[in-house]
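Tutor: Let us work through this model by question and answer. Keep the sequence and the picture in view.

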Amino acid sequence: MPTKSKPLYKPFNAPKSSKFKKKVYVMKNGKKKLIGFGHRGYRHNYSAKARQNYLKRSGGIRNKSGKLTKNDKNSANYWARRVLWNA
């Protein structure tokens with residue numbers, strides 16, 4: 001599907017050839033950007049303990065400017081937490 005027809009902030013399944021499970025288009029600095037998240041080789045949300053540990057660990061991830069990424073819609077961490085780990 002062409003880039004222009006994909007809606008912003010709506011995750012979709014990545015092609016099988018991709019190393020990511022999901023992708024999403026976001027608007028960053030006035031440009032449409034594709035973000036991939038969820039490594040295809042890893043399992044996601046397979047147990048309550050794994051989910052709890054991942055959410056604790058990923059809650060502290062920061063971007064280059066030192067801001068937390070868990071609430072930034074333009075980060076892969078945000079989308080992994082919401083879509084793959086049901087945060």
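Student: Which residue in β3 is the bridge partner of Lys28?
Tutor: Helices and strands are DSSP runs numbered from the N terminus (H or I, at least four residues, for a helix; E, at least two, for a strand). Two strands pair if DSSP finds at least two bridges between them. Strand β2 covers residues 20-28 and is antiparallel to β3. In β3, the bridge partner of Lys28 is Lys31.

Student: What kind of model is this?
Tutor: Residues are numbered from 1 along each chain as its sequence is written, and side-chain values use heavy atoms, with hydrogens and water left out. Local features need pLDDT of at least 70, side-chain atom pairs count only at pLDDT 80 or more, and totals for chains, interfaces and linings use all residues, since the model is predicted.

Student: How many bridges join β2 to β3?
Tutor: One pairing along the way sets Val24 opposite Ile35 in β3, and another gives Lys23 the partner Gly36. The hairpin of β2 and β3 has 2 residues between the strands, and Asn29 in the turn has a positive phi of about 55°. The number of bridges between β2 and β3 is 8.

Student: Which strands stand at the edges of the sheet?
Tutor: The open sheet has 3 strands in the order β1-β2-β3, with antiparallel pairing. An edge strand has a single partner, so one side of it is left without a neighbour in the sheet. The edge strands are β1 (12-13) and β3 (31-39).

Student: How many residues stand between β1 and β2 in their hairpin?
Tutor: These strands pair in the antiparallel sense over 2 bridges. In one of the pairings, Asn13 has Lys22 as its partner in β2. The count of residues between β1 and β2 in the hairpin is 6.

Student: Is Ser18 buried or exposed?
Tutor: Ser18 is in the loop between β1 and β2. Leaving aside neighbours within four places in sequence, Ser18 is in contact (heavy atoms within 4.5 Å) with Lys23 and Arg40. Buried means under 20% relative accessible area, exposed over 50%, and partly exposed in between, using a 1.4 Å probe and protein chains only. With a relative accessible area of 11%, Ser18 is buried.

Student: Which residue in the loop between β3 and α1 has a positive phi?
Tutor: The phi in question is near 60°, in a residue other than glycine. At 26% relative accessibility, the residue counts as partly exposed. The residue in that loop is Asn45.

Student: Which residues of helix α1 are buried?
Tutor: Helix α1 spans residues 48-58. Its other side, turned away from the buried one, carries the exposed residues Ala48, Lys49 and Lys56. The buried residues of α1 are Ala50, Tyr54, Leu55 and Ser58.

Student: Within what arc do the buried residues of α1 fall?
Tutor: An α-helix has 3.6 residues a turn, so residues three or four places apart point the same way. The arc is that of the directions from the helix axis to the C-beta atoms. Seen down the axis of α1, the buried residues line one face, because they fall within an arc of 125°.

Student: At what angle do the axes of α1 and α2 cross?
Tutor: Axes are lines fitted to C-alpha atoms, for helices over the stretch in contact, and angles run from 0 to 180 degrees between N-to-C directions. The axes of α1 and α2 come within 11 Å and cross at roughly 160°.

Student: How is α1 set against α2, roughly parallel or roughly antiparallel?
Tutor: Angles under 35 degrees count as roughly parallel, over 145 as roughly antiparallel, 65 to 115 as roughly perpendicular and the rest as oblique. The contact is made by Tyr54, Leu55 and Ser58 of α1 and Asn77, Ala80 and Arg81 of α2. Relative to α2, helix α1 is roughly antiparallel.

Student: At about what angle to β3 does α2 run?
Tutor: Helix α2 takes in residues 76-84 and is part of what covers the buried residues of α1. This helix also lies across β2 and β3, and its angle to β3 is about 55°.
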